[in-house]
Amino acid sequence: MTRSSRIPLLIAGGGIGGLATALAVSRTGRPVHVLERAPDFTELGAGLQLAPNALRVFQRLGILEEIDKHAFYPRRLVMMDMLAGEEITSLELGARFLAHYKFPYWVMHRGDLLNVEVAACRASNLITLESNKEIVEIEDLPGGVRATCSDGSVYECDALVGADGLHSTIRKMITIDNAPVCSEYVAYRGTAPIGQIPQRPGLDTTARRNRASGTKSTRRCTNCPPAEWPTMS
Ligand SMILES: Cc1cc2nc3c(=O)[nH]c(=O)nc-3n(C[C@H](O)[C@H](O)[C@H](O)COP(=O)(O)OP(=O)(O)OC[C@H]3O[C@@H](n4cnc5c(N)ncnc54)[C@H](O)[C@@H]3O)c2cc1C
């Protein structure tokens with residue numbers, strides 16, 4: 001058994017949530033240590049929608065501009081009837097939306113978002129990332145927590161944050177936790193090259209700002225962000 005020296009804050013799970021938490025803690029000047037059970041910090045999932053509230057947080061974490069390089073800007077959010085294939089309702093994401101919420105509405109690949117977070121974490125000397133570390137047991141200590149990993153390594157910390165996902169091990173250890181309830185609705189998501197998406201009327205869909213040249217792409221972009229992001233206090 002190997003034993004680490006005591007660390008202030010330990011995070012179980014290096015997904016989008018765990019790494020965002022690590023960045024938030026580091027921005028307060030405190031050191032933080034992330035343990036991820038997978039061999040690397042990667043996301044296999046497909047797409048992700050990011051609403052203005054998420055972008056606001058990314059701005060505070062200092063990674064908004066980097067994420068912007070990977071983001072697409074839908075012109076409208078369209079809800080379709082699954083059986084009839086007809087439009088039920090839609091939400092315009094253009095100038096009015098931007099004026100109201102101050103931030104646009106993005107879609108992007110989950111892997112791109114996680115990569116930006118990983119790079120920001122690696123650039124911080126307050127954040128330690130360790131992969132191949134699955135926490136299998138936690139124990140309350142006076143004024144702290146002891147976490148044991150499947151490889152026998154032991155970490156003692158002042159506080160532990162469980163960011164280990166839907167089937168969280170940590171949550172089961174601190175509360176009576178039933179298995180997630182399956183609603184029996186299933187959603188499949190995937191990715192396709194944008195050129196393969198049929199350009200049906202009313203579905204002129206995405207636009208991406210070309211940061212390198214400072215110009216907009218030829219696709220219509222009605223909700224590109226302002227030249228300057230709003231300043232958050
Ligand atoms: C179909 C679907 C669509 C969604 N769409 C959106 C969307 O469009 N926009 C949006 O904002 N949200 C969306 N969500 C929700 C969003 O995906 C989740 O809230 C988010 O991914 C959760 O991130 P997380 O880091 O908390 O958990 P996870 O991504 O599950 O990460 C948990 C991490 O912890 C690690 N781990 C697990 N157990 C341990 C352990 N014992 N020790 C160490 N590490 C461990 C795992 O390997 C994993 O890397 C969607 C969810 C689903 C299911």
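Me: Two strands pair if DSSP finds at least two bridges between them. What makes strand 9 and strand 10 a pair?

Reply: The model is predicted, so local features need pLDDT of at least 70 and side-chain atom pairs count only at pLDDT 80 or more, while totals for chains, interfaces and linings use all residues. Residues are numbered from 1 along each chain as its sequence is written. Strand 9 and strand 10 (residues 154–162) are joined by four bridges, and the minimum is two, so they pair. They run antiparallel, with Ala 147 opposite Tyr 155 in strand 10. The two strands form a hairpin with four residues between them, and Gly 152 in that turn has a positive phi of about 90 degrees.

Me: What makes strand 8 and strand 9 a pair?

Reply: Six bridges join strand 8 (residues 135–141) to strand 9 (residues 144–149), so the condition for pairing is met. These strands run antiparallel, and Glu 139 stands opposite Arg 146 in strand 9. Their hairpin has two residues between the strands, and Gly 143 in the turn has a positive phi of about 75 degrees.

Me: Why are residues 144–149 called a strand?

Reply: A strand is a DSSP run of E with at least two residues, and a helix is a run of H or I with at least four, each numbered from the N terminus. Residues 144–149 are strand 9.

Me: How many residues surround the ligand, and which are the closest?

Reply: A residue is near the ligand if its C-beta atom, placed from the backbone, lies within 6 Å of it. The shell has 23 residues, the closest being Gly 13, Gly 15, Gly 17, Asp 164 and Gly 165. Helix 1 (16–26) and strand 3 (47–50) each supply at least two of the shell residues, and helix 1 gives the largest share, three residues.
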